[in-house]
Amino acid sequence: MEGVENASVSRFREYLRINTMQPSPNYDAALEFLSKQAAELGLDFRVLESGIKDRPLGLMTWKGTDPELKSVLLTSHMDVVPVFPQYWTYEPFSAHKDEKGNIYARGAQDMKCVTSWYLEAIRQLKAEGQQFLRTLHLLFTSDEEIGSHPAESFSKTEEFKNLNLEFGLDEGLANPGSKMRVFYGERSIWWIKVLCKGNPGHGLAFIENTAAKKLQYMMNKFLAMRDEQETKLKSDPNGKLGSVYTVNMTMLEGGVQPNVVPAELSATFDIRIPPTEDFEAFKEKLKQWCREAGPEVTMEFIQEGYMKETVDVTDKNPWWAAFKSACDKLNVDLELEIFPGGTDSRHFRKAGLNMIGFSPMNNTPVLLHDNDEFLNEKVFLKGIDIYKEVIPALANLRT
């Protein structure tokens, strides 16, 4: 009937209205919503301690008929990034739906849609009376948007080990084109603070050995590398962001007043490194730049990731074959990439899991972390159909 909203869309919008925005996400309300969904589905639900204070996790479990088989992980995070309401057309946590069916809310793409796809697909599968060989674990994580520390902590626990996991799905990205993006690895995050010390003095003189000259040298090196990688990406018609470095200067600090040459200046850089690169050689290059810049130039690593793990996306990997076969049944055209940012998956890959990043949002602008983030309800409903194929293919895999 015209004007009657699909119940799956209504539940998705209900979840979007829960304000889990950093830095003060309402995890209690999110977990209450998820617990309610589990009760309706007849699934076990537990709130777990991540090992980090006030940062809980939720775990929903659908037990398989052969519990000795390795389990499948469906993971998603509850938190979302901050908003600037003055730049939004609609209130960011209203989940407003316009006449085109676009649902506006923080988290619409990143990544409450994925949580809802899991739940709605399972709701329909259970209603059809389906049962699977393997156990499914739905893990709802906290603080992914500020470093994934709860997921990292949990991945090292005995409780995580006891879940008996081998393969998992996590978030991906939208694609303005017709293909759906699949991520089989991700770049490592290096946040580096470069500290330069030098001679202070009066602003009217030519001071020798200043911190500014040293910092200028370092900035030139980093930004030249940025230009080089940008050119490399743009010159390759098939290039993907995840296949190159990105380098951005994000902070500048130092100085006391306009007429005093400072004794210290610093710049902070955000660098993302593909898993195919030689991390140690890259680090040595940065150290060499510090030596070339002059005495008392040092680097502090705020974050230093080494993510070399990738998933085998050939038919030799039965998990990948099962995933792709399910997508092929629905004529879903996949595009393989390295994820350009950081997700919870990196910690689960470190723990030995095959992790694929997948958010089936094609013909959709990429709006994660952006103003007016939205997802069209037709795209959302199609995503449910895709997971209805993918979940059984994985949960009934015999290896």
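Start by selecting H369 in this predicted model: the residue sits in the loop between β16 (354–358) and β17 (374–376). With a relative accessible area of 44%, H369 is partly exposed. Turn on contacts and, setting aside residues up to four places away in sequence, you will find that H369 touches V81, R106, D110 and E145. Zoom in on E145, where a polar contact of 3.2 Å links its side chain with that of H369.

**The first annotated trio**

Now add D110 and E145 to the selection. According to UniProt, in an unreviewed entry, D110, E145 and H369 carry the feature "binding site". The three span 260 residues in sequence, yet no two of their C-alpha atoms are more than 9.9 Å apart, so they gather at one spot. If you display the largest cavity, its lining includes D110 from this group.

**D110, a residue to linger on**

Centre the view on D110, which you will find in the loop between β5 (102–104) and α3 (112–127). Is D110 buried or exposed? It counts as buried, at 4% relative accessibility. Beyond its neighbours within four places in sequence, D110 is in contact with H77, D79, V80, E145, E171, L368, H369 and E373. Pick out H77 from that list: the side chains of D110 and H77 make a polar contact of 3.2 Å.

Before moving on, look at the backbone here. The peptide bond running from D110 to M111 is cis, with omega near -15 degrees. M111 also belongs to the loop between β5 and α3.

**The second annotated trio**

Next, select H77, D110 and E171 together. The unreviewed UniProt entry places a "binding site" feature at these residues too. They span 95 residues in sequence, but no two of their C-alpha atoms are more than 8.8 Å apart, so this trio gathers at one spot. From this trio, D110 and E171 are included in the lining of the largest cavity.

Follow the chain to H77, which is placed in strand β3 (residues 71–77). At 1% relative accessibility, H77 counts as buried. Its contacts, leaving aside neighbours within four places in sequence, are D110, M111, T115, T141, E144, E145, E171 and D344. One further detail to label: a polar atom of the H77 side chain lies 2.9 Å from the backbone oxygen of D79.

Then step across to E171, in the loop between β7 (165–170) and β8 (180–186). E171 is buried as well, with a relative accessible area of 5%. Which residue shares a side-chain polar contact of 3.2 Å with E171? The partner is H77. Leaving aside neighbours within four places in sequence, the residues in contact with E171 also include F339, T343, G357, F358 and S359.

**Into the nonpolar cores**

F358 makes a handy bridge to the next stop. The largest nonpolar core has 64 residues, and those with the most contacts inside it are L169, F323, I356 and F358. Colour helix α10 (residues 377–395) to see the largest share of this core, nine residues. With L169 selected, and its neighbours within four places in sequence left aside, look for contacts with L73, L74, T75, Y118, F323, M355, I356, Y387, V390 and L394. For contrast, show the second, separate core of 23 residues, which includes C196, F222, F269 and F279.

**Backbone details to finish**

Most residues other than glycine have a negative phi, and most peptide bonds are trans. With that in mind, try these stops:

- Q22 and P23: a cis peptide bond joins them, with omega about 10 degrees. P23 is in the loop between α1 (7–16) and α2.
- N331: its phi is near 55 degrees, a positive value in a residue other than glycine. Look for N331 in the loop between α8 (318–329) and β15 (334–339), where it counts as exposed at 70% relative accessibility.
- D372: phi is positive here too, at about 55 degrees, although the residue is not a glycine. D372 is in the loop between β16 and β17 and is buried, with a relative accessible area of 18%.

For a last selection, go to E40 in helix α2 (residues 27–41). E40 counts as partly exposed, at 43% relative accessibility. Draw a distance from its C-alpha atom to that of R123: the two residues are 83 residues apart along the chain, and the separation is 8.6 Å.

Key. Residues numbered from 1 in each chain as written. Predicted model: local features only at pLDDT ≥ 70, side-chain atom pairs only at ≥ 80, totals over all residues. Heavy atoms only, no water. UniProt positions renumbered as here; feature names shortened; annotations may be inferred. 1 Å grid on protein atoms, 1.4 Å probe; cavity = no way out; pocket = protein on both sides within 12 Å on 5 of 7 lines; lining within 4 Å. Helix = DSSP H or I, 4+ residues; strand = E, 2+ residues; numbered from the N terminus. Buried < 20%, exposed > 50% of the residue type's maximum accessible area, 1.4 Å probe, protein only. Contact = heavy atoms within 4.5 Å. Polar contact = N/O pair within 3.5 Å; in protein donor to acceptor, adjacent residues only side chain to side chain. Core = buried A, V, L, I, M, F, W, Y, C linked by side-chain atoms within 4.5 Å.
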